[in-house]
Every structure is written in structure tokens, then in C-alpha cells.
Amino acid sequence: IQSIKHDIASRNAIYINLALTCVANIANQEMGEALAQDIPRLCVAADVLDGVKQNAVLCMLKLLRTVPQAVPKGEWASRIVQLISDKHLGVVTSACSLIHVLSLRNAEEVQSCVPLAINRLSRIASTSFTDLQDYTYYFVPAPWQIGRA
């Protein structure tokens with residue numbers, strides 16, 4: 001666990017992503033409790049690369065499903081909701097999955113995401129094809145995002 005904590009605290013995106021993937025694959029109660037403060041910090045940090053942020057959000061989702069009591073409640077959930085406004089659609093997609101699970105846990109915690117989600121969906125629907133080229137399926141921008149809402 002100490003090696004994973006060390007990798008998560010490093011500045012190297014490859015080490016961080018590998019550590020997050022490891023946690024998501026083999027998470028248990030002890031690991032969840034030891035890393036419960038580090039992973040949410042990666043999700044909402046401003047200086048983290050988009051790929052790392054996306055992996056951190058997916059790791060939090062896995063921890064929330066496998067070790068729900070280890071995941072802290074409260075202040076970080078409101079910051080996770082803000083990820084709906086992120087510029088990277090991969091981060092937005094993973095954040096929507098995490099917000100969905102958080103809403104099942106405590107709906108009031110993520111209630112503020114409704115106007116953000118509406119705003120984001122309207123921007124997706126009105127975006128030109130070239131803006132979301134990697135996230136377009138048969139000329140429909142991000143249909144999986146629109147379907148989730």
C-alpha cells in the first residue's frame with residue numbers, strides 16, 4: 001500500500017495511472033481506507049492531467065462500489081459535481097458515472113449537478129461535428145452522455 005501511495009503522490013502521470021489502475025483492480029477494505037483521502041484529491045486537483053483525472057474518477061467509482069464505507073462523504077462530492085463542466089469529455093463521462101452512484105448513496109450531496117448537466121448536454125447537442133470528433137457516433141455527438149441524462 002505504501003508503494004501505491006508513493007506512486008499516487010508522484011508527479012509522473014504514468015506512475016499515478018498505474019497505481020490508480022492497481023487500486024481499481026485489487027481494492028480491498030484496507031487499501032480503500034489507506035487511499036480514501038488521496039484519490040478524491042486527484043479527482044478535483046487543478047494541476048492534474050485529464051487522463052489522470054479520468055482514471056482517478058473511475059478508481060473512486062470502483063472504490064465506492066467495492067468499499068463504500070471507506071470513501072469519505074461530504075465536501076469532495078460537491079467538487080466532483082463540478083467535473084461535469086470539464087473541457088475533456090472523457091473526464092465528464094467518468095464523472096457522470098460517479099455522480100450517478102453518489103446520487104444513489106445520497107441524492108442531496110449531488111443535487112447541484114442538475115443545472116450543470118443541463119448546460120453540458122445543451123453544449124454537446126449544439127457543438128459542431130469537428131469539436132467532438134473523438135466522441136461522435138454516426139454524426140451524433142456523445143450519444144452515451146445524452147442517453148445517461
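Guide: Before we start, accessible areas here come from the Shrake-Rupley method with a 1.4 Å probe. Keep in mind, too, that this is a predicted model.

Visitor: Okay, how much area does the chain expose, and what share of it do carbon and sulfur atoms supply?
Guide: With that probe in mind, we can put a figure on the surface. The chain exposes about 8,300 Å², and the share supplied by carbon and sulfur atoms is 56%.

Visitor: And what percentage of the residues in the chain are buried?
Guide: A residue is called buried when its relative accessible area is under 20%. Out of 149 residues in the chain, the buried share is 43%.

Visitor: Which elements does the chain have, and in what order do they run?
Guide: Nine helices and two strands make up the count. Starting from the N terminus, the order is α-α-α-α-α-α-α-α-β-β-α.

Visitor: What share of the contacts with a separation of 6 or more comes from residues 24 or more positions apart?
Guide: A contact takes heavy atoms within 4.5 Å. Among contacts in the chain with a separation of 6 or more, residues 24 or more positions apart account for 65%.

Visitor: Is Leu18 buried or exposed?
Guide: Leu18 sits in helix α2, which covers residues 13-26. Together with Ile14 and Tyr15, Leu18 forms a nonpolar patch on the surface, with about 340 Å² of accessible area together. The relative accessible area of Leu18 is 54%, and exposed means over 50%, so Leu18 is exposed.

Visitor: Let's go to helix α5. How far apart are its end C-alpha atoms?
Guide: Helix α5 spans residues 50-66, which is 17 residues. At 1.5 Å a residue, α5 should span 24 Å. The model agrees, because the end C-alpha atoms are separated by 24 Å.

Visitor: Which elements help cover the buried residues of α5?
Guide: The buried residues of α5 include Val52, Ala56, Cys59, Met60 and Leu63. What covers the buried residues of this helix includes α2, α3 (29-35), α4, α6 (75-81) and α7.

Visitor: How many disulfides are there?
Guide: A disulfide needs two cysteine sulfur atoms within 2.5 Å. By that rule the count is zero.

Visitor: Then how far from Cys43 is the nearest cysteine sulfur?
Guide: Cys43 is in no disulfide. Cys43 counts as buried, because its relative accessibility is 0%. The nearest cysteine sulfur belongs to Cys59, at a distance of 8.0 Å.

Visitor: Which residues does Asp38 touch, leaving aside its neighbours within four places in sequence?
Guide: Asp38 is in helix α4, residues 38-44. With 14% relative accessibility, Asp38 counts as buried. Beyond those sequence neighbours, Asp38 is in contact with Lys5 and Ile8.

Visitor: How about Arg120: what distance separates its C-alpha atom from that of Ile84?
Guide: Arg120 belongs to helix α8, residues 113-126, and counts as buried because its relative accessibility is 10%. Its contacts, leaving aside neighbours within four places in sequence, include Ile84, Asp86 and Val92. Arg120 and Ile84 are 36 residues apart along the chain, yet their C-alpha atoms are separated by 7.0 Å.

Visitor: Last one: is Glu109 buried or exposed?
Guide: Glu109 lies in the loop between α7 (89-105) and α8. Its C-alpha atom is 6.5 Å from that of Ala77, a residue 32 places away in sequence. Because its relative accessibility is 15% and the cut-off is under 20%, Glu109 counts as buried.

Methods. Residues numbered from 1 in each chain as written. Predicted model: local features only at pLDDT ≥ 70, side-chain atom pairs only at ≥ 80, totals over all residues. Heavy atoms only, no water. Patch = residues over 30% accessible without salt bridge, like charges linked within 9 Å, V, L, I, M, F, W, Y side chains within 5 Å. Salt bridge = Lys/Arg side-chain N within 4 Å of Asp/Glu carboxyl O. Helix = DSSP H or I, 4+ residues; strand = E, 2+ residues; numbered from the N terminus. Buried < 20%, exposed > 50% of the residue type's maximum accessible area, 1.4 Å probe, protein only. Expected span 1.5 Å × (residues − 1).
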